[in-house]
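Hi everyone, thanks for coming. I'd like to walk you through a structure that you probably haven't looked at before, so have it open as I talk.

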Amino acid sequence: MRYRGRMRTSMLNDRQIMPTDFRKWDDARRQFAQGKDRQKVDKLKESIEADGLEVPILLCVHERWPDIYVSDGHHRAIAVQELGLTSFPFHWHWIRAGVHIEHEPFPYELLDR
């Protein structure tokens, strides 16, 4: 079974868990402030308020550098932040020879750098 953990939303910052597709979380927030991205975030917020976050955010850890990124779920991450939720569910994977969702516990010690 895939490891499913919970992470503090405050870890979604430019030092501990970074966005993959953006240089900084502020860049993601600006991108998602309008148009179809805004609509998607707003729909996610409605869904999360009604049913909780059903699809976990996917985190990746690079094998060579212990950087941690959101590899899938940027819209969900912004929705969680905007709702002020204290934590979110996640799956995770290493960037190694291939990408496979891990079954082992997340290496939380990498966040303490």
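I'll start with the sheet, then go to the helices, and finish with the aromatic rings. One thing up front: this is a predicted model.

Okay, the sheet. How many strands does it have, and in what order do they sit? There are five, forming an open sheet in the order 1-5-3-4-2, and the pairing is mixed. At the edges you'll find strand 1, residues 5-8, and strand 2, residues 17-19; each has a single partner strand, so one side of each is left without a neighbour in the sheet. From one strand to the next, the twist averages 50°.

Let's go across it pair by pair. As a reminder, strands of a sheet pair through backbone hydrogen bonds, and they can do that either parallel or antiparallel. Begin with strand 1 and strand 5, the latter being residues 87-95: they pair in the antiparallel sense over four bridges. If you want landmarks, Gly5 has Phe90 of strand 5 as its bridge partner, and Arg6 has Pro89.

Next over, strand 5 meets strand 3. Those two run parallel and are joined by six bridges. Look for Leu58, which stands opposite His91 in strand 5.

Then comes strand 3, residues 57-62, with strand 4, residues 68-72. Here the strands run antiparallel, with four bridges joining them, and Val61 stands opposite Ile68 in strand 4. A hairpin of five residues takes you from strand 3 to strand 4.

The last pair is strand 2 with strand 4, which is parallel and has three bridges. Pro19 is a handy marker there, standing opposite Val70 in strand 4.

Before we leave the sheet, go back to strand 5 for a second. Seven of its nine residues are buried, so strand 5 is largely enclosed by the rest of the structure.

Now the helices, and mainly helix 3. Where does helix 3 lie? Helix 3, residues 74-83, lies across strand 2, strand 3, strand 4 and strand 5, and runs at about 110° to strand 4. Eight of its ten residues are buried, so helix 3 is also largely enclosed by the rest of the structure. Among those buried residues are His74, His75, Ala77 and Gln81. And what covers them? The cover includes strand 2, strand 3, strand 4 and strand 5, along with helix 1, residues 25-31, and helix 2. Right after helix 3 you get Gly84, with a positive phi near 75°.

Let's zoom in on one residue, Ile78, which is found in helix 3. At 0% relative accessibility, Ile78 counts as buried. Who is around it? Leaving aside neighbours within four places in sequence, Ile78 is in contact with Trp25, Ala28, Arg29, Phe32 and Val41. Also, the C-alpha atoms of Ile78 and Leu44 are separated by 9.5 Å, and those two residues are 34 apart along the chain.

That takes us to how the two helices pack. The axes of helix 2, residues 35-51, and helix 3 come within 9 Å and cross at roughly 60°. That makes helix 2 oblique to helix 3. The crossing is right-handed. The contact is made by residues including Val41, Leu44 and Ile48 from helix 2, and Ile78, Ala79 and Leu83 from helix 3. There are charged-looking names on the list too, if you're scanning for them: Asp37 and Lys40 on helix 2, for instance, and Arg76 and Glu82 on helix 3 are among the contact residues.

Last stop, the aromatic rings. We describe a pair of these by the distance of the centres and the angle of the planes. Counting rings whose centres lie within 6.5 Å, the model has seven aromatic pairs. One of them is Trp92 with Trp94, which is edge-to-face: 5.6 Å centre to centre, with 65° between the planes. Buried or exposed, those two? Trp92 is buried, and so is Trp94. Both belong to one aromatic cluster, formed by Tyr3, Phe90, Trp92, Trp94, Phe106 and Tyr108. You've met Phe90 already, as the bridge partner of Gly5.

That's the tour, and I'm happy to go back to any part of it.

Note on methods. Residues are numbered from 1 along each chain as its sequence is written. This is a predicted model: local features need pLDDT of at least 70, side-chain atom pairs count only at pLDDT 80 or more; totals for chains, interfaces and linings use all residues. Side-chain values use heavy atoms; hydrogens and water are left out. Rings of Phe, Tyr and Trp (its six-membered ring) pair if their centres lie within 6.5 Å; planes under 30 degrees apart count as stacked, over 60 as edge-to-face and the rest as tilted. Buried means under 20% relative accessible area, exposed over 50%, partly exposed in between (1.4 Å probe, protein chains only). Two strands pair if DSSP finds at least two bridges between them. Axes are lines fitted to C-alpha atoms, for helices over the stretch in contact, and angles run from 0 to 180 degrees between N-to-C directions. Contact means heavy atoms within 4.5 Å. Angles under 35 degrees count as roughly parallel, over 145 as roughly antiparallel, 65 to 115 as roughly perpendicular and the rest as oblique. A crossing is left-handed if the near helix is turned anticlockwise from the far one by less than a right angle, and right-handed if clockwise.
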